[in-house]
Amino acid sequence: MKQEELQAIASQLKHPKGEKGIEMANMMNETNINMTHHSIQNLHIASGNIILELGHGNAGHLEFIFEQAENLKYYGLEMSELMFQEARQINRNYVSQKEAFFSIYDGNTIPFQEASFDKIFTVNTLYFWQEPEKLLLEIYRVLKPKGILCITFAEESFMKQLPFTQFDFELYSTEKANKLIEKTPFKIINAPTQTEKVKSKTGELVDRAFTTLVLEK
């Protein structure tokens, strides 16, 4: 692949736009579903929880969240206008029942009051955080005391094999991610790593190692 094509893939992964963006969102939802489910399961969602997700893509996984417990409220934040629209359309039933709420944000400031959420999670967004420490402090601010944050990401050892990650990606090993967390008030409760088989862009199955950092306020 040419540099421009690789750059275009990186750009769509970071901020999906146009028809290609919808294709990319569907592909991301499919290839990331195990990571997303792993993140959600590690939140240990309980009845009445208010949940926030950063960078939800097309949010094709909402049904799985609502299966975890009763009386849940879900809030999703996206930088991509296209993903905001797609998520609202796909989850229109949850939106009309006032169970799911979607908004656009700038990727740095979380537009909610202090201690608004019981559980917060994000999958495959860590690579794109402009100011990771600041965003973590923002997440800390909007999380309730004893609230849980799950950050799920593919390990650097896997990601650096993908040619497009040379553009606009900050790659993380578990060790590097732990060092970032240590600069914040969060407590690391657990950091399970799993390996799964995923299809590469060229169609063959490859091993992807991913980690979920489980943090407590």
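**Exercise 1. Determine which residues Thr36 touches, leaving aside those up to four places away in sequence, and whether Thr36 is buried or exposed.**

Solution. Begin with the contacts: once residues up to four places away in sequence are set aside, Thr36 touches His61, Phe121 and Val123. Next, place the residue in the predicted model: Thr36 belongs to helix 3, which covers residues 33-43. Finally, consider its accessibility: buried means under 20% relative accessible area, and because Thr36 has a relative accessibility of 7%, this residue counts as buried.

**Exercise 2. Work out which residues of helix 9 are buried, which are exposed, and how the buried ones are arranged about the helix axis.**

Solution. In the first step, list the buried residues of helix 9 (residues 174-181), which are Thr174, Ala177, Asn178, Leu180 and Ile181. Looking down the axis of helix 9, one finds these buried residues within an arc of 155°, and therefore they line one face of the helix. The general geometry helps here: an α-helix has 3.6 residues a turn, so residues three or four places apart point the same way. In the second step, turn to the other side of helix 9, where Glu175 and Lys179 are exposed. In the last step, identify the packing partners: the buried residues of helix 9 pack against helix 7 (132-142) and also against four strands, namely strand 5 (143-154), strand 6 (187-190), strand 7 (193-199) and strand 8 (205-216).

**Exercise 3. Describe how strand 5 pairs with strand 4 and with strand 8, and give the handedness of the crossover that leads from strand 4 to strand 5.**

Solution. Start with strand 4 (residues 117-123), which runs parallel to strand 5 and is joined to it by 6 bridges; within this pairing, Ile120 stands opposite Leu149 of strand 5. The connection between the two strands passes through helix 7, and the resulting β-α-β crossover is right-handed. Then take strand 8, which pairs with strand 5 in the antiparallel sense over 7 bridges, and in which Thr211 is the bridge partner of Phe153. As for burial, strand 5 is mostly covered, with 9 of its 12 residues buried.

**Exercise 4. Set these local details against the chain as a whole: how many helices and strands are there, and what percentage of the residues count as buried?**

Solution. The chain contains 9 helices and 8 strands, and 50% of its 217 residues count as buried. For the contacts, consider pairs of residues at least 6 apart in sequence: 71% of these contacts join residues at least 24 apart. To finish with the surface, the chain exposes about 10,800 Å², of which carbon and sulfur atoms supply 48%.

Methods:
Residues are numbered from 1 along each chain as its sequence is written. This is a predicted model: local features need pLDDT of at least 70, side-chain atom pairs count only at pLDDT 80 or more; totals for chains, interfaces and linings use all residues. Side-chain values use heavy atoms; hydrogens and water are left out. Buried means under 20% relative accessible area, exposed over 50%, partly exposed in between (1.4 Å probe, protein chains only). Contact means heavy atoms within 4.5 Å. Accessible areas come from the Shrake-Rupley method with a 1.4 Å probe; for residues, only the protein chains shown count as cover. The arc is that of the directions from the helix axis to the C-beta atoms. Two strands pair if DSSP finds at least two bridges between them. A crossover is right-handed if, with the strands pointing away from the viewer, the path from the first strand over the helix to the second runs clockwise.
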